Amino acid sequence: MECIGTGSDVECVVPLTDRESKVVGKFAGRAMKTSGWSGDMASSSDRGQTILDNKNNPEGVVQVSVIDMVLETLLLISPFFFWGTAMVAMKGVLPKAGPLFVASFRLIPAGTLLIAFASSRGRKMPVGTSAWLAIALFGLIDASCFQGFLTEGLRKTSAGLGSVIIDSQPLTVAVLAALLFGETLGPIAISGLGLGIVGLILLEVHSVIVLGKSEVGQWTLWDSGEWWMLLAAQSMAVGTVMVRWVCQYSDPIMATGWHMVLGGLPLLALSVWQQDPALSGHIQDLNINDWGALFYSSLFGSAISYGVFFYNATRGSLTKLSSLTFLTPMFATLFGYLVLDEMLSGVQLAGAVVTLVGIYMVNLKIGSETQDKVD
């Protein structure tokens, strides 16, 4: 099992069985015909798209139509679309529901769905004190802290900008992996780290200048949404590194599902204690669009995006996946503008671009090394 940083959640390459991959593949959409799946796909006459003529093509080269290529591309980028747009959906419903309620709602239904899926596929439940302790700690850091910090930050910053900062977690993962596991950082990764740090400083400088001027004598770092997002990114980075340890005791998919559920429960309790609007007599204020946003962020922004990512990863697309992480903040920024009228200042835009370039360089290096291990 290998893990790479790809955006709004911990993403790891989980070795799915053929049966599981078929289920996820059907759930995600029809994919291009590949060597490991040709026997499970519909015939070419039914699809009318993929053509393999053994007589005219003795070398067995698969010819793919434009429609197949479009479907393949959509399948590849869909997790990043879901993660980016989930940020927008969450921000839109935060004022009515409350940050901790939104955080818990994103985790618990998605985790329950993943546990049900894993159970239906015959995956083993965690057994023993060590397994449950590992999952509980994983849930506290990667679920409770990550989603709690994220939703608090989302109250005070834009979805697009927040997504850029969250997506910076591979920078921390690269450093932690070098310190804890002895993984080497080449010139490309080191340069990417430097650019990423410069970009994050530019993003935070804007917050300090603008808010500091508007709230002289009152503003603190905790009033910065970017600061909360940076804390969320660090929580996610530590969680990513913990995955290797957690999966020594439990099935990866089971651990993912249970860490969501266990991590969501403290957030739900804090939501009650903090009297978030949704749990303090105002749940009736949530309309159908608000509930749609909540379920979208949980099901599509967590459970389904995991399933599609696992499916793509099992098909040998690790380098592509790691190099496409920049799409998450791009989708978040685009839909934040279209749905929420969010705008980035010049300094924020410059910081976002520099940060994304740094992330791309680090992820490209990590993705290449991971692909070499798989090959």
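**Close-up views of a predicted model**

**View 1. The surroundings of A278 in the predicted model.** Once its neighbours within four places in sequence are set aside, A278 is in contact with K96, A97, F101, I283 and L286. A278 itself lies in the loop between α10 and α11 (288–314), and with a relative accessibility of 3% this alanine counts as buried, because buried means under 20% relative accessible area. One of its contacts, F101, is 177 residues away from A278 in sequence, yet the two are 7.1 Å apart in space, C-alpha to C-alpha.

**View 2. Helix α5 and its kink at G139.** Helix α5 takes in residues 129–154, a run of 26 residues. From its first C-alpha to its last the helix reaches 35 Å, which is close to the 38 Å expected at 1.5 Å a residue. Within α5 there is nevertheless a kink of about 35°, and this kink is centred on G139.

**View 3. Aromatic pairs that involve helix α5.** In the whole structure the count of aromatic pairs comes to 14. Among them is the pair of W132 and W258, which is edge-to-face, with 5.2 Å from centre to centre and 80° between the planes. Because W132 lies in helix α5 and W258 in helix α10 (residues 252–274), this pair ties together parts that are 126 residues apart in sequence. W132 is partly exposed, and its relative accessible area is 29%. The rings of F149 and W228 have centres 5.7 Å apart and planes at 45°, so that this pair is tilted. The pair of F149 and W228 also links distant parts of the chain, since F149 belongs to helix α5 and W228 to helix α9 (residues 225–246), 79 residues apart. The two partners differ in their exposure: F149 is partly exposed at a relative accessible area of 24%, whereas W228, at 16% relative accessibility, counts as buried.

**View 4. An aromatic cluster.** Six residues are shown here as one aromatic cluster, namely F81, F82, Y296, F300, F331 and F335.

**View 5. The largest nonpolar core and a second one.** The largest nonpolar core has 34 residues, and those with the most contacts inside it are L150 and L154. Helix α3 (residues 66–97) supplies the largest share of this core, with 7 residues. For L154, leaving aside its neighbours within four places in sequence, the residues in contact are M87, M90, K91, L94, A159 and M229. A second core, separate from the largest one, has 13 residues and includes F138, M242, M254 and A255.

**View 6. Two cysteines, C145 and C247, in a structure that holds 0 disulfides.** C145 counts as partly exposed, with 27% relative accessibility, and C247 likewise counts as partly exposed, with 23% relative accessibility. The structure as a whole holds 0 disulfides.

**View 7. The chain as a whole, given as context for the close-ups.** The secondary structure of the protein chain comes to 14 helices and 2 strands. Of the 375 residues in the protein chain, buried residues make up 50%. Among the contacts in the protein chain with a separation of 6 or more, residues 24 or more positions apart account for 85%.

Technical notes
Residues are numbered from 1 along each chain as its sequence is written. This is a predicted model: local features need pLDDT of at least 70, side-chain atom pairs count only at pLDDT 80 or more; totals for chains, interfaces and linings use all residues. Side-chain values use heavy atoms; hydrogens and water are left out. Helices (H or I, at least four residues) and strands (E, at least two) are DSSP runs, numbered from the N terminus. The expected span of a helix is 1.5 Å times one less than its number of residues. The bend at a residue is the angle between axes fitted to the seven residues ending there and the seven starting there. Rings of Phe, Tyr and Trp (its six-membered ring) pair if their centres lie within 6.5 Å; planes under 30 degrees apart count as stacked, over 60 as edge-to-face and the rest as tilted. Buried means under 20% relative accessible area, exposed over 50%, partly exposed in between (1.4 Å probe, protein chains only). A disulfide is a pair of cysteine sulfur atoms within 2.5 Å. Contact means heavy atoms within 4.5 Å. A nonpolar core is a set of buried Ala, Val, Leu, Ile, Met, Phe, Trp, Tyr and Cys residues joined through side-chain atoms within 4.5 Å.
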